[in-house]
Amino acid sequence: MGRAHVGSSDSAAHGSGGVDVIVVGVGPGLAGASTGSALTAASLQGHPYDLVVSAGIGGGFLPDAPVGSLVVADEIVAADLGAETEDGFLSVTELGFGTVRHQPPGDLVRLVADAAGARPGAVLTVSTATGTASRAAALRERHPTALAEAMEGFGVAEAAVAHGVPVLEVRAISNPVGPRDRAAWRIGDALAALTGGFGKLVPVLESWNRHDS
Ligand SMILES: O=C(O)c1cccc(C(=O)CC[C@H]2O[C@@H](n3cnc4c(=O)[nH]cnc43)[C@H](O)[C@@H]2O)c1
């Protein structure tokens, strides 16, 4: 695989093999800055990363992504990067500047989904976690393929793309996206699922060759 970076709960991979796990913090800004710093440092040291994996817990859209399940992003979408208008939300792309989505390599997404038992779908990046049923419904209406939301993936992806490095996002579902119910969060179960999933992913990531995609 070369070298991978996994950052927030997220990671990266190198030419000599192996995975570096880097805690990148909460939110797209800090996660993007942390990932960019790691990618730059690795390049300057002559051991650039081959892959970035944003990984952690996330909220799942029911019924498709129940608590304890794994999701792998086929799209990493900045769901609240834009402007609110009288006629609804407009993304920065619709406003005429910037992108709000990045696409991980399709072959790698399929390999990861099969190996880890993760469901492929869009993973939304939000700066404000959803806390109401109406917000959850609005997000799902705007992003019908969304399976999960979290707070770092798009920032990590922006940094990876700026460095020309492919990116993945893997989320273990700790809570439903919907009305805020902190008592219902199952962070331990989600982290156990994430750990189990990564155990199965490492051989897949190590054998994946981005130039075959
Ligand atoms: O207490 C709350 O209401 C609350 C709301 C959002 C996030 C938190 C956290 O403590 C976790 C932040 C951390 O976890 C990811 N995450 C997990 N579930 C969700 C979610 O439903 N929506 C957005 N982010 C989520 C996130 O990526 C952060 O890294 C507490």
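Where does Arg182 lie? I started there: Arg182 sits in the loop between E11 and H6. A reminder to myself before going on: this is a predicted model.

**Entry 1: Arg182**

Next I asked myself whether Arg182 is buried or exposed. I found 7 other C-beta atoms within 10 Å of Arg182. The cut-off for exposed is 12 or fewer, so Arg182 counts as exposed. I also checked Arg182 against Thr85, which is 97 residues away along the chain. Their C-alpha atoms turn out to be separated by 31 Å.

**Entry 2: the core**

From the loop I moved to the nonpolar interior. The largest nonpolar core holds 55 residues, and Val71, Val112, Val123 and Leu168 have the most contacts inside it. Which strand gives the most to this core? I looked it up, and strand E5, residues 70-78, does so with seven residues.

I then picked Val112 for a closer look. Leaving out residues up to four places away in sequence, I listed what Val112 touches: Val72, Ala118, Leu168, Val170, Leu201 and Val204.

**Entry 3: helix H3**

Val112 led me to helix H3, residues 106-116, where Val112 is buried along with Leu108, Val109 and Ala116. Why are these four on the same side of H3? I noted that they cover an arc of only 105° around the axis, which puts them on the same side of the helix.

What covers the buried residues of H3? My list includes E5, strand E9 (119-125), strand E11 (167-176) and helix H6 (187-207). I was pleased to meet E11 and H6 again here, as the loop with Arg182 lies between them.

At the end of H3 I stopped at Gly117, which follows the helix and has a positive phi, near 70°.

**Entry 4: strand E10**

My last stop was strand E10, residues 146-150. How many of its five residues are buried? I counted five of five, so I wrote E10 down as mostly covered.

Then I looked at the partners of E10. Strand E4, residues 51-60, is joined to E10 by two bridges, and this pair runs antiparallel. In that pair I found Gly60 standing opposite Ala148. With E9 I found four bridges to E10, and here the strands run parallel. Leu124 has Glu149 in E10 as its bridge partner. I followed the chain from E9 through helix H4, residues 133-142, to E10, and this β-α-β crossover is right-handed.

Terms used. Residues are numbered from 1 along each chain as its sequence is written. This is a predicted model: local features need pLDDT of at least 70, side-chain atom pairs count only at pLDDT 80 or more; totals for chains, interfaces and linings use all residues. A nonpolar core is a set of buried Ala, Val, Leu, Ile, Met, Phe, Trp, Tyr and Cys residues joined through C-beta atoms within 7 Å. A residue is buried if 20 or more other C-beta atoms lie within 10 Å of its own, exposed if 12 or fewer, and partly exposed in between; C-beta atoms are placed from the backbone. Two residues are in contact if their C-beta atoms, placed from the backbone, lie within 7 Å. The arc is that of the directions from the helix axis to the C-beta atoms. Two strands pair if DSSP finds at least two bridges between them. A crossover is right-handed if, with the strands pointing away from the viewer, the path from the first strand over the helix to the second runs clockwise.
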